[in-house]
Amino acid sequence: MKKLLVTGSAGLIGSEVVSHFANKGWQVIGIDNNMRADFFGEGGDTTWNARRLVSVFQNYTHFQIDIRDRKGLEEFVKENRPDAIVHTAAQPSHDLAASRPYDDFDVNAVGTMNLLEATRKYSTQIPFVHMSTNKVYGDAPNNLNLIENDSRWDYADPEYFDGISEDFTIDQSKHSIFGASKVAADVMVQEYGRYFGMPTCCLRGGCLTGPNHSGVELHGFLSYLIKCNIIGKQYTIFGYKGKQVRDNIHSHDVSTFIECFLNNPRNGEVYNLGGGRDNSVSILEAFALIESISGKEMSYVYSDQNRSGDHMCYISNLSKMKDHYPGWAITKDLKTTFQEIHDSWVSRLK
């Protein structure tokens, strides 16, 4: 039985990866110290998800380990001897990073470095998948020619119709403190792949979402938006007329791509991981879609001040992913994803 180590195993992507590989017959070990509750309060607590995984999967074991604990992490990897590592643990919020920059950098950059070095000391042969972010591109996508449509911003130039590709610049732009710490981690994961010949990849996620997301205002765009609709809470749009666009990918489709990479790994690769144009949506369009599902009108207020470094329009170009792994494809469309998140919140809020 193969053994997979998942960091941030009680979070959205971590828990989906745990479930996916546990169902495939892998022995899965997860580490998660529920720092999300420290970052976001009660609404961000993932204890419920950790308990769910332990109760559902006999081949899953949960550990309370902090990735900032360099020595403890090194000993843990050495003792447990995983066949692959999927690193999803992170501080994920732009706004929180600005108020707690040391914590943000220690988790995102130093924590990733700790895990990379622990892996290298154990084995340079096992695949290492790092959940990066499209925020490594900073606000440079906002410099593209954009057009304003009735409900969304969009790319004016045909060459960007399918979205942003992996050769887009990450330099000379405003990233947010969060984006900068993720750049540090992203580049180091690439370097361990190239310098030490390790099979590593960075998955530069757009909006990763799904029914197990503990969405809060500071992180978890769709999950939080849908929760607000269900409970009648006022949602705040931050700038860009509510026409800012994100492409959304269901956590299941993230897990299936990770499986493809583990089965045929490459050294020091980078992939833009999102839902592509077909799964793109603006905030205004998201309001309309959830209203059609829940039958409830969206309550919202508008703030002229956009979030610093925020993208006006971001769509992931999936061409490289599909070229390297032609057996992979998006299987969850936008409406299905909305419906699943809606149903999950209805169940959890009971």
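Select L12, I13, E16, V17, H20 and F21 in helix α1, then add S251, H252, V254, S255, T256, I258, E259 and L262 in helix α9: these two groups meet. Contact here means heavy atoms within 4.5 Å. By class, the contact of α1 with α9 has 7 nonpolar, 5 polar and 2 charged residues. Ala, Val, Leu, Ile, Met, Phe, Trp, Tyr, Cys and Pro count as nonpolar, Asp, Glu, Lys and Arg as charged, and the others, Gly among them, as polar.

This is a predicted model, in which local features need pLDDT of at least 70 and side-chain atom pairs count only at pLDDT 80 or more, while totals for chains, interfaces and linings use all residues. Residues are numbered from 1 along each chain as its sequence is written, and side-chain values use heavy atoms, with hydrogens and water left out.

**The two helices as a pair**

Now show α1 (residues 12–23) and α9 (residues 251–263) as ribbons; they pack at an angle of about 60°, with their axes 9 Å apart. That angle makes α1 oblique to α9. Axes are lines fitted to C-alpha atoms, for helices over the stretch in contact, and angles run from 0 to 180 degrees between N-to-C directions. Angles under 35 degrees count as roughly parallel, over 145 as roughly antiparallel, 65 to 115 as roughly perpendicular and the rest as oblique. The crossing of α1 and α9 is right-handed. A crossing is right-handed if the near helix is turned clockwise from the far one by less than a right angle, and left-handed if anticlockwise. Helices (H or I, at least four residues) and strands (E, at least two) are DSSP runs, numbered from the N terminus.

**The sheet**

Next, select the strands β3, β2, β1, β4, β5, β8 and β12. In that order, 7 strands form an open sheet with parallel pairing. Two strands pair if DSSP finds at least two bridges between them. Which strands are at the edges? They are β3 (60–63) and β12 (269–273), each of which pairs on one side only. On average, neighbouring strands of this sheet are turned by 20° against each other, direction ignored.

Zoom in on β4 (residues 84–87). A84 and V86 point one way, I85 and H87 point the other way, and all are buried. Buried means under 20% relative accessible area, exposed over 50%, and partly exposed in between (1.4 Å probe, protein chains only). In a regular strand the side chains alternate between the two faces of the sheet.

Look at the neighbours of β4. Strand β1 (residues 3–7) pairs with β4 in the parallel sense over 4 bridges, and L4 stands opposite A84. Strand β5 (residues 128–133) also pairs with β4 in the parallel sense, over 3 bridges. The bridge partner of V86 in β5 is V129.

Move to β2 and β3, which pair in the parallel sense over 4 bridges. Select I29 and T61: I29 stands opposite T61 in β3.

**Helices across the sheet**

Add helix α4 (residues 70–80). Helix α4 lies across β1, β2 and β3, running at about 175° to β2. Then add α7, which lies across β5, β8 (200–205) and β12, running at about 155° to β5.

**Two positive phi values**

Select S176 in helix α7 (residues 176–195). S176 has a positive phi of about 80° although it is not a glycine. Is S176 buried or exposed? S176 is buried, with a relative accessible area of 14%.

Go on to N34, found in the loop between β2 (27–31) and α2 (35–40). Phi of N34 is near 55°, a positive value in a residue other than glycine. N34 is buried, with a relative accessible area of 17%.

**A second helix pair**

Select helix α8 (residues 221–231) and helix α10 (residues 283–294), which pack at an angle of about 50°, with their axes 10 Å apart. They are therefore oblique to each other, and their crossing is right-handed. Show F221, L222, L225, I226 and N229 of α8 with I283, A286, F287, I290, E291 and S294 of α10, the residues that make the contact. By class, this contact has 8 nonpolar, 2 polar and 1 charged residues.

**Last stop: E297**

Finish in the loop between α10 and β14 (300–303), the place of E297. E297 is exposed, with a relative accessible area of 71%. Which residues does E297 touch, not counting residues up to four places away in sequence? E297 touches N229 and E291. For a distance, pick E297 and I147: they are 150 residues apart in sequence and 28 Å apart in space, C-alpha to C-alpha.
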